[in-house]
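Work through the exercises below with the sequence and the structure in view. Each task is followed by a solution in steps.

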Amino acid sequence: MVRSPKFTWNEFKINRVKSFKYLGIHVDDRLNWLENINKQGEKAIKMHQNLKRIAGGNWGISQIHRWTLYKTVIERMLAHGSSAWCLNPTFKMKRKLSSIQRPFLLHISGAYRTTPTAALQTILGIPPLHMQLQFEARFTSIYRLRIPILSFITGTQPHDLEMKATGWSNHPSEHLKLNQISFADGEAYVARKDINIFTDGSKTEHGVGAAFCVLSNDIWAYQWSAKLNDNNTAFQAELTALHEAVIYASHLPNHNTSKIHVDNRASIMASSNSKSTNETARQIFKILLSNPRIKVSWVKAHAGNIDNERADQLAKDATQHGQPYSHPKLPKPHIKGLLRKRMFEEWQTLWKNGDTGRKIYNIMPSVSLRPTKWIREDVIFFSQHGPFPAYLKRFHLSDRDSCSCGGIGTALHYATECIYTVSWHMRKPAPNFEQEWLKRVANNLVSRQKIRGIIKFISENRDLFRPP
């Protein structure tokens, strides 16, 4: 009951408010972020209404286009600032985000509005919204905010991550010579009088390797190879091989011209860019800048160039037998993969222990980030939320659950024994093999075509299947 204090600034009174907007995020006085989620939900409702204008349950743009619009537009809008408010979502936040996501799932799949949300997420390959936003928040917190939250996933420390380099690597007026970098195929310009160095990086199921070999006067004068961490990328291997080759060339006598042949254009472009944010690429640029006699050219890979093939084979051998190379930084894709794997495991646990969508769980026990190829009729049949008397009776939309032919009006009844759907009938399974039968039907395109015909026929002739 105590009145709050008055605040003034240059004799202007500052009023107290329950929430304010800053950089597109609504911050409330309790810091529970529900105000922000409600505002984002209002935006999502408007987008959903606009989406309904160009697509309905069985007309308009295709399902894959609706899925793409959700992932690239709606989900991106909802993920704004998630690192500030969705790092550790509460139960209320999860429930509210689920209610925001649900209309889009129904619209994309064309399912009945009573279909469980968890089932739609599994069918469409769309994780629960709070998990997706938490994934975005964790990734942003690690790479942009440098918050050490990665240790709870793998025990990796923040300094083990490959971060973007900031600032200028050199003064803007300093640049490489025009003849130092060439993107023309260097195979036709291999001069035997020069020292030619061929580099390559490789990533196989055995590991990651980097190598270079030196050709001088038609003699293989030197070769180097190393095995990187299994989590490193092929691009890191290419840059490592180029870096070691440049260091080797910089220690050669000044009267020798060295030509380094690389079959990876991306590594050349990064190393010749003074504004590159990659630390290894910056080190290569500095060495090239102080040694204009070292030239780097691109050579086409796997085009029958014997010299380049030798470096390629050397790098592949290094994936198994190379000397360990202490590349201290884990790549960005690897960390993103770890976070996605963690999200995937949490989603799988939620789906396994859930209370809803058990009919779909019996068919699809494992979640996936790839959408199934089911269309609207498939979702209706396998979820058993559709124009079936048994469904209508269950949700108090009808007084009877029987079909007009006399049987119980379930999805299985119409697929195997109803006299009105004889044209699409399949062999009826034994009661103890019903779940296995549904799995086989779901994975068989011919069977799904029959099911689609059944659902379309029932939808167009609903009065025929309801008893008088």
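**Exercise 1. Backbone angles in two loops**

Locate L31 and L23 and give the phi and the exposure of each.

Solution. Step 1: L31 sits in the loop between β4 and α1 (34-54), where helices (H or I, at least four residues) and strands (E, at least two) are DSSP runs, numbered from the N terminus. Residues are numbered from 1 along each chain as its sequence is written, and the model is a predicted one, in which local features need pLDDT of at least 70, side-chain atom pairs count only at pLDDT 80 or more, and totals for chains, interfaces and linings use all residues; side-chain values use heavy atoms, with hydrogens and water left out.

Step 2: The phi of L31 is positive, about 60°, although L31 is not a glycine. Most residues other than glycine have a negative phi.

Step 3: L31 has a relative accessibility of 52% and counts as exposed. The classes are buried (under 20% relative accessible area), exposed (over 50%) and partly exposed in between, with a 1.4 Å probe and protein chains only.

Step 4: L23 is in the loop between β3 (19-22) and β4 (25-28). Its phi is near 55°, a positive value in a residue other than glycine. With 63% relative accessibility, L23 counts as exposed.

**Exercise 2. Strand order and packing of the sheet**

What is the order of the seven strands in the open sheet, and which helices pack on it?

Solution. Step 1: The order is β5-β10-β9-β6-β7-β8-β11, with mixed pairing; two strands pair if DSSP finds at least two bridges between them. β5 (181-182) and β11 (323-324) are at the edges with a single partner strand each, so one side of each has no neighbour in the sheet.

Step 2: β5 and β10 (residues 294-298) run parallel and are joined by two bridges. S182 is opposite S297 in β10.

Step 3: β6 and β7 run antiparallel, with 10 bridges between them, and a hairpin connects the two strands through two residues. D200 stands opposite A211 in β7.

Step 4: On the other pairing of β6, five bridges link it to β9 in parallel, and I195 has S258 of β9 as its bridge partner. Eight of the 10 residues of β6 are buried.

Step 5: Helix α8 (residues 234-250) lies across β6 (195-204), β7 (207-216), β8 (219-228), β9 (258-262) and β10, at about 155° to β6. Helix α11 (residues 306-321) also packs on the sheet, touching β6, β7, β8 and β11, and its direction makes about 145° with that of β7. Contact means heavy atoms within 4.5 Å; axes are lines fitted to C-alpha atoms, for helices over the stretch in contact, and angles run from 0 to 180 degrees between N-to-C directions.

**Exercise 3. Nonpolar cores**

Which residues have the most contacts inside the largest nonpolar core, and why does this core lie between two domains?

Solution. Step 1: A nonpolar core is a set of buried Ala, Val, Leu, Ile, Met, Phe, Trp, Tyr and Cys residues joined through side-chain atoms within 4.5 Å. The largest has 73 residues, and W85, W374 and F382 have the most contacts inside it.

Step 2: The core lies between domain 1 (25-161 + 330-371) and domain 3 (386-464), because both give residues to it; the domain bounds come from an automatic or database domain assignment.

Step 3: Beyond its neighbours within four places in sequence, F382 has contacts that include I363, W374, L438, V441 and I451. Another core, of 31 residues, lies apart from the largest one, and V214, A241, I260 and A270 are among its members.

**Exercise 4. Aromatic pairs**

How many aromatic pairs are there, and how are the rings of Y70 and F104 arranged?

Solution. Step 1: Rings of Phe, Tyr and Trp (its six-membered ring) pair if their centres lie within 6.5 Å; planes under 30 degrees apart count as stacked, over 60 as edge-to-face and the rest as tilted. The count is 14 aromatic pairs.

Step 2: The ring centres of Y70 and F104 are 5.8 Å apart and the planes are at 45°, so this pair is tilted. Y70 belongs to helix α2 (residues 63-78) and F104 to helix α4 (residues 91-109), so the pair ties together parts 34 residues apart in sequence. Both Y70 and F104 are buried.

Step 3: For Y391 and F395, the centres are 4.9 Å apart and the planes at 50°, so this pair is tilted. Y391 is buried, at 6% relative accessible area, whereas F395 is partly exposed, at 29%.
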